[in-house]
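I opened this notebook page to record what I looked up in the structure, going from one residue to the helix pairs and then to the core.

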Amino acid sequence: MENTQPEYMREYELFVSNYKLTEVAPEEVGLLTIRMASHYGKYNLKFRDALRNYSIILRDLQNQSDPTTGKPMSSVKAETLADATPEAAKYEEFKIDLQNLEQYINGLKSLQRSLMQEFGNS
């Protein structure tokens, strides 16, 4: 079975696995935080593009006539149809990736602060 996890997730999980096995310095956590921030920027650009593509689909649907009534399509129906498109799926996927990355970055910053205190007290 093909691993479909995003690169940032594999990288984070590898770090967590290694963290369980060996001592980690605050600098290592800082470097991973920087890499996660880089991933965040890349996924934010993907999210922007996906939002644009979804918005175009939604606009096009709203400009169509409802095939069942011949009247202009309602916004609710256009949104429902747009939400079922591959563009909507990509939009949601990148939105979730950004949320994941935010959580990873926040967790890493917290870990780094803890390690810095621990190393400072040694």
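**Entry 1: T33.** I began with T33, bearing in mind that the model is a predicted one, and found this residue in helix α2. Is T33 buried or exposed? I read a relative accessibility of 11% for T33, which therefore counts as buried, since the cut-off for that class is under 20%. Leaving aside neighbours within four places in sequence, I listed I105, L108 and K109 as the residues in contact with T33.

**Entry 2: α1 against α2.** Next I looked up how α1 lies relative to α2, and noted that their axes come within 10 Å and cross at roughly 165°. Because angles over 145 degrees count as roughly antiparallel, I entered α1 and α2 as roughly antiparallel to each other. The crossing in which α1 passes α2 is left-handed. On the α1 side I found E7, Y8, E11, Y12 and F15 making the contact, and on the α2 side V29, L32, R35, M36, H39 and Y43. Sorting the residues of this contact by class, I obtained seven nonpolar, one polar and three charged.

**Entry 3: α2 against α3.** I then turned to the pair α2 and α3, whose axes come within 9 Å and cross at roughly 140°. How are α2 and α3 oriented to each other? I recorded them as oblique, because this angle does not pass the cut-off of 145 for roughly antiparallel and also lies outside the 65 to 115 range for roughly perpendicular. Here α2 passes α3 in a right-handed crossing. From α2 the contact draws on Y54, I57, L58, L61 and Q62, while from α3 it draws on S75, A78, E79, L81, A82 and D83. By class, I noted that the residues of this contact divide into seven nonpolar, two polar and two charged.

**Entry 4: the nonpolar core.** Finally I looked up the largest nonpolar core, which has 27 residues, and asked which of them touch the most other members. I found these to be Y8, F15, V29, M36 and L108. At least two residues of this core come from each of α1 (7-21), α2 (26-62), α3 (75-83) and α4 (86-121), and the largest share, 10 residues, is supplied by α4.

**Entry 5: V29.** I followed up V29, which is listed in the contact of α1 with α2 and also among the core residues that touch the most other members. Setting aside neighbours within four places in sequence, I found V29 in contact with F15, V24, L108, L111, Q112 and L115. L108 is thus a residue I had already met, as a contact of T33.

How values were computed:
Residues are numbered from 1 along each chain as its sequence is written. This is a predicted model: local features need pLDDT of at least 70, side-chain atom pairs count only at pLDDT 80 or more; totals for chains, interfaces and linings use all residues. Side-chain values use heavy atoms; hydrogens and water are left out. A nonpolar core is a set of buried Ala, Val, Leu, Ile, Met, Phe, Trp, Tyr and Cys residues joined through side-chain atoms within 4.5 Å. Buried means under 20% relative accessible area, exposed over 50%, partly exposed in between (1.4 Å probe, protein chains only). Helices (H or I, at least four residues) and strands (E, at least two) are DSSP runs, numbered from the N terminus. Contact means heavy atoms within 4.5 Å. Axes are lines fitted to C-alpha atoms, for helices over the stretch in contact, and angles run from 0 to 180 degrees between N-to-C directions. Angles under 35 degrees count as roughly parallel, over 145 as roughly antiparallel, 65 to 115 as roughly perpendicular and the rest as oblique. A crossing is left-handed if the near helix is turned anticlockwise from the far one by less than a right angle, and right-handed if clockwise. Ala, Val, Leu, Ile, Met, Phe, Trp, Tyr, Cys and Pro count as nonpolar, Asp, Glu, Lys and Arg as charged, and the others, Gly among them, as polar.
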